[in-house]
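Let's take a walk through this protein together, with the sequence and the 3D view side by side. Keep the view open and turn it as you read.

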Amino acid sequence: MAGPFVAGVDLGGTKIQVVAVNGTAVKGGSRTATPTTSAEDVVHEIVGSVRLAVQQAGGRLSGLDKVGIGTPGRIDGRKGVVSHSGNVVGMMDPFALGPAVSKELGGLPVVIDNDVRVAILGEYERGAGRHYKNVLGVFVGTGVGGGLVLEGKLREGRGAAGEIGHTLVKPGGRLCSCGRRGCLEAYAGRGCIEATARRWQAKKRMKTELFEIMADRRRDRLTSGVIAAALERKDKMAEKLIDEAIKALGIAIANAQNLLDLEAVIIGGGLGDRLGKPFVDKVAEAARPHLHVPDKPPDIIPTELGDLAGAVGAAILAGG
Ligand SMILES: [Zn+2]
């Protein structure tokens with residue numbers, strides 16, 4: 001029989017991605033929508049997805065050793081508790097996700113950590129970061145998450161290391177989702193980009209097809225796909241917004257580089273993955289004028305695992 005397996009779960013606000021890993025190889029996977037009804041339903045869905053992924057890998061739940069979960073928000077990893085997550089239903093207040101999943105899996109060990117930290121772990125060990133020792137991961141999605149690996153170790157600090165999304169790129173600038181102004185995320189996070197687009201649209205500041213594309217696709221948000229489609233049509237507003245995002249990313253990454261002298265910066269996340277290498281190359285170009293040692297820039301590269309980084313990293317967290 002195939003196995004033993006470790007399952008890695010990437011629990012996101014909209015989807016649950018699971019991989020079943022045997023050794024270092026991904027053998028099976030499953031993806032499903034994140035329930036919006038209750039935390040208990042999220043637990044059931046995670047367990048169902050784990051079962052599916054293991055089956056797809058040709059195994060059974062009895063061959064499963066351990067489960068790792070990456071979750072957005074603040075995590076108390078030792079207790080397996082999600083302290084606060086605004087993105088998953090029922091987890092605004094502390095929720096013992098690890099123990100709940102473990103109970104439904106017959107007491108199997110379950111470890112959890114923050115989703116971005118887990119994703120950078122995945123990229124560092126098995127993706128674009130595997131040739132380096134000092135790496136910054138920048139995940140450009142709804143927000144801008146970051147993770148820092150120094151001398152081969154994921155930096156925790158006191159729990160908040162690597163938060164490049166909330167470093168300052170413009171004092172007094174645009175309002176960030178964290179409540180402060182001028183953070184990188186206020187310019188490069190999809191959520192803040194959308195807020196700016198809606199404001200400009202209300203003021204009729206410039207012509208745009210962004211919202212028509214959104215309606216055509218029956219979306220109620222400016223998803224990464226909507227933004228990418230608008231860019232393909234050379235939409236002026238989309239181009240301006242992404243141009244600002246690129247400049248802000250260049251500044252923040254150059255600042256991190258000047259402080260840490262990194263070997264590589266890996267750019268991923270929903271928007272980063274969708275816009276891909278051309279976007280990443282433009283970010284590298286935008287960083288260059290701000291580098292203190294311009295003849296030794298870091299390699300600024302896209303992720304390799306794409307949207308599997310979180311699930312693979314969660315499996316690594318669990319020892320897979
Ligand atoms: Zn912020």
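What follows goes from a strand residue to a pair of helices, then to some salt bridges and a loop glycine. Please keep in mind along the way that this is a predicted model.

Start with T71, which you will find in strand 4, a strand that covers residues 64-71. Is T71 buried or exposed? Its relative accessibility is 0%, and because buried means under 20%, T71 counts as buried. To see what surrounds T71, set aside its neighbours within four places in sequence; its contacts are then L11, V82, L97, D113, N114 and D115. One of these, D113, will come up again when we reach the salt bridges.

Now move along to two helices. Two packed helices are described by the angle between their axes and the distance between the axes. Helix 7 takes in residues 224-232 and helix 8 residues 236-260. Their axes come within 8 Å and cross at roughly 115°. An angle of 65 to 115 degrees counts as roughly perpendicular, so that is how helix 7 and helix 8 lie to each other. The crossing of helix 7 and helix 8 is left-handed. Which residues make the contact? Helix 7 contributes I227, A230 and L231, while helix 8 contributes A238, E239 and I242. Sorted by character, the residues of this contact are five nonpolar, no polar and one charged.

E239, which takes part in that helix contact, also has a salt bridge to K236, with the closest N and O atoms 3.8 Å apart. Both residues sit in helix 8, and because they are three residues apart there, about one helical turn separates E239 from K236. E239 is partly exposed at 29% relative accessibility, whereas K236 is exposed, with a relative accessible area of 54%. Elsewhere, D113, R117 and E156 are joined into one network by salt bridges that share partners.

How many salt bridges are there in the model? The count comes to 14, and two others deserve a look here. In one of them, the side chains of D10 and K15 meet, with an N to O distance of 3.9 Å. D10 counts as buried at 12% relative accessibility, while K15, with a relative accessible area of 21%, is partly exposed. The cut-off between buried and partly exposed is 20%, so D10 and K15 fall on opposite sides of it.

The other salt bridge joins E304 and R130, whose closest N and O atoms are 2.6 Å apart. E304 is in the loop between strand 12 (299-302) and helix 10 (309-317), and R130 is in the loop between helix 3 (115-126) and strand 8 (135-140), so the pair ties together parts that are 174 residues apart in sequence. At 42% relative accessibility, R130 is partly exposed.

Finish at G90, in the loop that runs between strand 6 (81-84) and helix 2 (97-104). G90 counts as partly exposed, with a relative accessibility of 48%. Beyond its neighbours within four places in sequence, G90 is in contact with A39 and F95. For a sense of scale, try selecting G90 and G59 together: they are 31 residues apart in sequence, and their C-alpha atoms are 32 Å apart in space.

Terms used. Residues are numbered from 1 along each chain as its sequence is written. This is a predicted model: local features need pLDDT of at least 70, side-chain atom pairs count only at pLDDT 80 or more; totals for chains, interfaces and linings use all residues. Side-chain values use heavy atoms; hydrogens and water are left out. Helices (H or I, at least four residues) and strands (E, at least two) are DSSP runs, numbered from the N terminus. Buried means under 20% relative accessible area, exposed over 50%, partly exposed in between (1.4 Å probe, protein chains only). Contact means heavy atoms within 4.5 Å. Axes are lines fitted to C-alpha atoms, for helices over the stretch in contact, and angles run from 0 to 180 degrees between N-to-C directions. Angles under 35 degrees count as roughly parallel, over 145 as roughly antiparallel, 65 to 115 as roughly perpendicular and the rest as oblique. A crossing is left-handed if the near helix is turned anticlockwise from the far one by less than a right angle, and right-handed if clockwise. Ala, Val, Leu, Ile, Met, Phe, Trp, Tyr, Cys and Pro count as nonpolar, Asp, Glu, Lys and Arg as charged, and the others, Gly among them, as polar. A salt bridge is a side-chain nitrogen of Lys or Arg within 4 Å of a carboxyl oxygen of Asp or Glu.
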